[in-house]
Amino acid sequence: MVDAPKKKVLTEEEKAARFEAAKKMTSELVDKSEVALKEFSTYTQEQVDKIVAAMALAGSENSLLLAHEAHDDTGRGVVEDKDTKNRFASEAVYNAIKNDKTVGVISEDRVTGKVELAAPLGILAGIVPTTNPTSTTIFKSMLAAKTRNTIVFAFHPQAQRSSAHAAKIVYDTAVAAGAPKNFIQWIEKPSLDGTTTLIQNPKIASILATGGPGMVNAALKSGNPSMGVGAGNGAVFVDATANVDRAVEDLLLSKRFDNGIICATENSLVIEAPVYDEVMRKLQEQGAY
């Protein structure tokens, strides 16, 4: 039997040097993003909406390709379900935001004299998980574009290739539609130091953190504003008035979708006593354990 090669233990000096190199790399990305942000802030609503529409179409057209790549990268989930997620992230998200006003005066109350103005928040840091590596990239890119923000991504190491390809597809399409250069960027060689220095950069306006509890916790403690989504997997209560057949079908559809790896999947059931036996029987008839 051959022993596995031991990982090299870095000295404190080597760790510090590696951290400084990562800090320099992410600072350069953020500086480029700052230039793009200044240009993007001058765009009209019409320019923004043209860009976002092009991105949504590109995401939809490449949905199945990116689903295969995400599955090849991670070995997780179901290709067809990843295709559904990509289409939702591009088509459904676009339809939800396409008519929103995000430039200049977005509302006005003549009675109170209140006027609401929309302005870019700034440079965003986007954390993308291995469970939804392409769909998360697509919709965060579109939301950044719709609000005239710029974004720098840190992808999960296990899904770097597929996530970067998703980002490149929507970025190239956006630039062709008139978006500023470098408004979407990403760390080319993923590392913990790279992600850490990105989310701690003082020029980051907000962090969009999707990932495990550790990553979300790191974002919340970074010193920058952060919106985090972590483990999820909520419990479900099935009461005595429930349509049991429908409840069982919906629960299993959700739990089976992409092999149950997304955080919206139910974690556990609390079943009221009068329907407990019926729910358990019907779950097992459908192949549940």
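In the predicted model, D258 touches G77, V78, D81, K82, K85 and T131, when residues up to four places away in sequence are left out of the count. This aspartate lies in the loop between α9 and β9, and, with a relative accessibility of 0%, D258 counts as buried, because the cut-off for that class is under 20%. The loop between α9 (244-256) and β9 (268-271) also holds T265, which is likewise buried, at a relative accessible area of 1%. T265 is separated from L253 by 12 residues in sequence and by 9.4 Å in space, taken from C-alpha to C-alpha.

K82, one of the residues touched by D258, also takes part in the contact of helix α4 with helix α3. The axes of α3 (residues 63-74) and α4 (residues 79-97) come within 8 Å of each other and cross at roughly 130°, and the two helices are therefore oblique to each other. The crossing in which α3 passes α4 is right-handed. On the side of α3, the contact is made by S63, L64, L66, A67, H68, A70 and H71, and on the side of α4 by V79, K82, D83, N86 and R87. Sorted by class, the residues of this contact comprise 5 nonpolar, 4 polar and 3 charged.

A second pair of helices is formed by α2 (residues 45-61) and α5 (residues 135-146), whose axes come within 9 Å and cross at roughly 170°. Because angles over 145 degrees are classed as roughly antiparallel, this description applies to α2 and α5. In this pair, Q45, V48, D49, I51, V52, M55, A56 and G59 of α2 meet I138, S141, M142, A145 and K146 of α5. The residues of the contact of α2 with α5 divide into 8 nonpolar, 3 polar and 2 charged.

Helix α1 (residues 12-40) consists of 29 residues, and the span from its first C-alpha to its last reaches 41 Å, which is close to the 42 Å expected at 1.5 Å a residue. Within α1, the residues A22, T26, L29, V30, S33, A36, L37 and F40 are buried.

Technical notes:
Residues numbered from 1 in each chain as written. Predicted model: local features only at pLDDT ≥ 70, side-chain atom pairs only at ≥ 80, totals over all residues. Heavy atoms only, no water. Axes fitted to C-alpha atoms, helices over the stretch in contact; angles between N-to-C directions. Helix = DSSP H or I, 4+ residues; strand = E, 2+ residues; numbered from the N terminus. Parallel < 35°, antiparallel > 145°, perpendicular 65-115°, else oblique. Left-handed = near helix turned anticlockwise from the far one by under 90°. Contact = heavy atoms within 4.5 Å. Nonpolar A, V, L, I, M, F, W, Y, C, P; charged D, E, K, R; others polar. Buried < 20%, exposed > 50% of the residue type's maximum accessible area, 1.4 Å probe, protein only. Expected span 1.5 Å × (residues − 1).
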